[in-house]
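Q: Please take me through the metal site of this model, one residue at a time where that helps. Then show me how the site is tied into the fold around it.

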Amino acid sequence: MEVVHKSQESVKKMIKNCEGRHVQQVAYSSYHDALTQVCFGCNKVRTSLTKFDIKKFDNDYEYDKDGNII
Ligand SMILES: [Zn+2]
């Protein structure tokens with residue numbers, strides 16, 4: 001699945017857009033105040049998490065302030 005980074009407002013719009021047409025899963029992270037939609041109809045993951053937020057979940061690596069692997 002392709003991961004698409006969007007604003008939270010735009011993820012909300014896409015959730016409404018796919019509602020009733022596509023099978024989707026929606027997750028909200030209160031820690032990051034981020035919304036993630038997994039849509040099996042579009043075959044896409046739309047998230048308001050930034051790439052840096054996602055990388056931070058991976059503890060096998062260390063990152064500099066710009067989110068690059070050190
Ligand atoms: Zn969809």
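A: Let's start with His 22, which counts as partly exposed because its relative accessibility is 24%; on this scale buried is under 20% relative accessible area, exposed is over 50%, and partly exposed lies in between (1.4 Å probe, protein chains only). Cys 39, by contrast, is buried, with a relative accessible area of 0%. The model is predicted: local features need pLDDT of at least 70 and side-chain atom pairs count only at pLDDT 80 or more, while totals for chains, interfaces and linings use all residues. Residues are numbered from 1 along each chain as its sequence is written, and side-chain values use heavy atoms, with hydrogens and water left out.

Both residues bind the zinc ion. Its protein donors are Cys 18 (SG), His 22 (ND1), Cys 39 (SG) and Cys 42 (SG), at 2.0 to 2.3 Å. Donors here are N, O and S atoms within 2.8 Å of the metal (3.2 Å for Na, K and Ca), and sites may look incomplete because water is not among the atoms. The site is tetrahedral, with angles of 106 to 114° among the 4 donor atoms; for four donors, that label requires all angles to lie between 85 and 135 degrees. For reference, the ideal angle for four tetrahedral donors is 109.5 degrees.

Along the sequence, the donor residues follow the spacing C-x3-H-x16-C-x2-C. Within this set, His 22 and Cys 39 link distant parts of the chain, 17 residues apart: His 22 belongs to the loop between helix 1 (8-18) and strand 2 (24-29), and Cys 39 to strand 3 (residues 34-39). Helices (H or I, at least four residues) and strands (E, at least two) are DSSP runs numbered from the N terminus.

Now for the fold around the site. The protein chain has 2 helices and 4 strands, in the pattern β-α-β-β-β-α. The strands form an open sheet in the order 1-4-3-2 with mixed pairing, where pairing takes at least two DSSP bridges between two strands. Strand 1 (2-5) and strand 2 are the edge strands, each pairing on one side only, and the twist averages 15° from one strand to the next.

Strand 3, home of Cys 39, runs antiparallel to strand 2, to which 6 bridges join it. Gln 25 in strand 2 has Val 38 as its bridge partner in strand 3. Beyond its neighbours within four places in sequence, Gln 25 also has contacts (heavy atoms within 4.5 Å) that include Thr 36, Gln 37 and Phe 40.

Strand 3 is also antiparallel to strand 4 (44-47), with 4 bridges between them, and one bridge pair is Thr 36 with Thr 47. Their hairpin has 4 residues between the strands, and in it Asn 43 takes a positive phi near 60°. Further across, strand 4 runs parallel to strand 1 through 4 bridges, with Val 3 opposite Val 45.

Helix 1 lies across strand 2, strand 3 and strand 4, at about 30° to strand 3; axes are lines fitted to C-alpha atoms, for helices over the stretch in contact, and angles run from 0 to 180 degrees between N-to-C directions. Over the protein chain as a whole, 26% of the 70 residues count as buried.

Definitions and conventions
Four donors count as tetrahedral if all angles lie between 85 and 135 degrees; four count as square planar and six as octahedral if opposite donors are over 155 degrees apart and all others between 65 and 115; anything else is irregular.
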